[in-house]
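Hi everyone, thanks for coming. I'd like to walk you through a structure you haven't seen before, so let's put it up on the screen.

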Amino acid sequence: MTDTDTHDPTSLRTPIVAVLGHVDHGKTSLLDKIRGSAVIEGEAGAITQHIGATAVPLDVISTIAGELVDPDDFDLPGLLFIDTPGHHSFTTLRSRGGALADIAILVVDVNDGFQPQTIEALDILKRSETPFIVAANKIDTVPGWNPNEDTPINDTYDAQSDRAASRLDESLYEIIGELSDEGFSADLYWRVQNFQRNVGVVPVSAMTGEGVPDLLAVMMGLSQRYMKAEMEIDVAGPGVGTVLEVKEEKGFGTTIDTVLYDGTIRSDDTVVVGGTNEPIVTDVRALLQPRPLAEIRTESRFEKVEAVKAASGIKIAAPELEHAMAGAPVRVVRDRDIEDVIEEVQAELADIAVDTDEQGVVVKADTLGSLEAMADALGEAEIPIVSAEVGDVAPRDVSVASTAEDPKQQAILGFNVDVLADAKTRAEQDDVKLFTDEVIYQLVEEYDEHVEELERAQQDTILENISRPARFRILPDHTFRQNDPAVVGVEVNAGTIQNNNFVVTWDGNETERVGQVKGIQEQGEDVDEARAGNRVSVAIDGPTVGRQIEEGDELWMEVPEKHAKILEQELTDEIPGDELEALNMYLEKQRKRDPFWGK
Ligand code: GDP
């Protein structure tokens, strides 16, 4: 492995590139196209497949990009593309102080425009202050498009009919408009002077390769111009990286796929890795890279290497990695004091750690980075978090969620994780709600909807237990029975008569209880309540018609003071207008007598 014989102590490393965008907009295809072009154009072995990443060296980029890239203009060694597209892996890829990816490509389907995950990706890029360009993909699908494989955009543009060209223009300007709606000033890349201030849009097709030369040229130019200083690293120094994935590997046990962004890691190094409980200190057993395709038939898919320098993707096999976390830091100890390195790892973990509240929902996510992104989104939505951890939803999480005092918080929000079978059963038993999704804001939305539903249901049950006001009149010639109980025909003017509640009359501003409703009939049928406008016959236990009550009298349903208070303070939106009117009249009379009644 030539990576070991570094003579120059400081050198420029490869910028790390991540590809983001909405599902199906062509992230994977674009990466495949870049890799494919690199394999075709490059000298044998020029492009190297890393673990989780593909390195495309400058000379290969310059061959693909033709006259768009003159290798003499550059001293950065090329670009390292992270193989797993999507903002999920992007948020995982953290380094101290921000995103690990130095630069990003946001893929947008020219026909489909901005979609939920496009906006989410933009939010993430904004928050992490990562420079990016937009690949306006699938230009070959513009009606009437005449494809010109692997050519720069200008050349293929010139070969299009006016109609096809103007259709593409329309779609591109739509994307530029949408970027501007999201607060980014953007333009077609060839019009952009300052890529730090403006976002460049590059029309491409991952299918035909049109525009791919431009995309690589812009990425390279942008990195060289604005990122060179950050790419200066001490190559010979102890390696620093981020765990991309924790994986079982036959013959090697638990391994960590790591992106190294600084220094060198050697196969005899001791490393400190961020773990779920505490930093893991362990000795590297093997550094593994994918075996070149030609040798694929041998036993292992991997070959051991002695050392790797940044930037690169490497699989580290070592004991005790079971509790390593995706998104956590990896640091080589080498000649340093081990305690110092442990402290650095702890500090980095603390940096990412999510602040939790006394009460709240349980949050699970697949990586530290995504956990942090979840916490940010929940914070914005003012949803408190009681615990936040990396990993699948387990029975223990259900136990934690089930102890929440507020039923709204008896919930687990899982981002990009599985729910273990026994956790699911347990959640059903304990009435804990599980929400899982692969889009953060959808997860938050689902939870919000659930909360709204709960609140509605809660108010419904409160309402069920409240005595509601009603104003009604005994109709003339409608006495069906004098007493025990009195049965009279009434018309409800406002509010709701409910069975078993008390009937009152007013003596000045004071109510006088005259009896209790013991049955309501509407057209011969028993009903539980009668609403404003209804004519019903009501059995009232207590009074005698002609003595305590008379035909033509206005009667009221009694509202106990506590109920009046809840109705006025919490439920005015839930009850009909006529009932609110009855309530207000009721309150007004009571308050003439006692200004603080029901307050
Ligand atoms: P991802 O979900 O963003 O990774 O999207 P994929 O790369 O899987 O692409 C989704 C679909 O779009 C696949 O069927 C691709 O073949 C297709 N696709 C991707 N890029 C292009 C393109 O430039 N032109 C055309 N015609 N189809 C494309």
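How many residues surround the ligand, and which are the closest? The count is 16, and the closest are Gly26, Lys27, Thr28, Ser29 and Met207. Before I go further, please keep in mind that this is a predicted model.

Let's stay with the ligand for a moment. Which helix gives the most to the shell around the ligand? That's helix 1, residues 27–41, which puts in three residues. If you sort the shell by class, you get eight polar residues, four nonpolar ones and four charged ones.

Okay, on to the strands. There's an open sheet here made of eight strands, and the pairing is mixed. Going across, the order is 3-4-5-2-8-9-11-10. Look at the two edges: strand 3 (48–49) and strand 10 (186–188) each have a single partner strand, so one side of each has no neighbour in the sheet.

Inside that sheet, have a look at strand 9, residues 132–137, and strand 11, residues 199–203. These two run parallel and are joined by three bridges. If you want a spot to click on, try alanine 135, which stands opposite valine 202 in strand 11.

And what lies across these strands? Helix 6, residues 162–181, lies across strand 8 (103–109), strand 9, strand 10 and strand 11. The angle between helix 6 and strand 11 is about 155 degrees.

Now for two helix pairs, which I like to look at side by side. In the first pair, helix 9 (residues 368–380) packs with helix 12 (residues 440–464) at an angle of about 45 degrees, and their axes are 10 Å apart. That angle is why we call helix 9 and helix 12 oblique to each other. Helix 9 passes helix 12 in a right-handed crossing. On the helix 9 side you'll find Ala373, Met374, Ala377 and Leu378, and they meet Ile440, Tyr441 and Val444 in helix 12. In that contact, seven residues are nonpolar, with no polar and no charged ones.

The second pair is helix 10 (residues 395–402) and helix 11 (residues 421–430). Here the axes come within 8 Å and cross at roughly 20 degrees, so helix 10 and helix 11 are roughly parallel to each other. Helix 10 also passes helix 11 in a right-handed crossing. Helix 10 brings Pro395, Asp397, Val398 and Ser402 to the contact, while helix 11 brings Asp422, Ala423, Arg426, Ala427 and Asp430. By class, this contact has four nonpolar, one polar and four charged residues.

Last topic: a few backbone oddities. As a reminder, most peptide bonds are trans, and most residues other than glycine have a negative phi. With that in mind, here are the spots to check.

Start with the peptide bond from alanine 310 to alanine 311, which is cis, with omega near -5 degrees. Alanine 311 is in the loop between strand 20 (307–309) and strand 21 (312–317). There's also a cis bond joining aspartate 484 and proline 485, with omega about -20 degrees. You'll find proline 485 in the loop between strand 27 (470–481) and strand 28 (486–498).

And where does aspartate 431 sit? In the loop between helix 11 and strand 26 (433–437). Its phi is near 60 degrees, a positive value in a residue other than glycine.

That's my tour, thanks for listening!

Note on methods:
Residues are numbered from 1 along each chain as its sequence is written. This is a predicted model: local features need pLDDT of at least 70, side-chain atom pairs count only at pLDDT 80 or more; totals for chains, interfaces and linings use all residues. A residue is near a molecule or strand if its C-beta atom, placed from the backbone, lies within 6 Å of it. Helices (H or I, at least four residues) and strands (E, at least two) are DSSP runs, numbered from the N terminus. Ala, Val, Leu, Ile, Met, Phe, Trp, Tyr, Cys and Pro count as nonpolar, Asp, Glu, Lys and Arg as charged, and the others, Gly among them, as polar. Two strands pair if DSSP finds at least two bridges between them. Two residues are in contact if their C-beta atoms, placed from the backbone, lie within 7 Å. Axes are lines fitted to C-alpha atoms, for helices over the stretch in contact, and angles run from 0 to 180 degrees between N-to-C directions. Angles under 35 degrees count as roughly parallel, over 145 as roughly antiparallel, 65 to 115 as roughly perpendicular and the rest as oblique. A crossing is left-handed if the near helix is turned anticlockwise from the far one by less than a right angle, and right-handed if clockwise.
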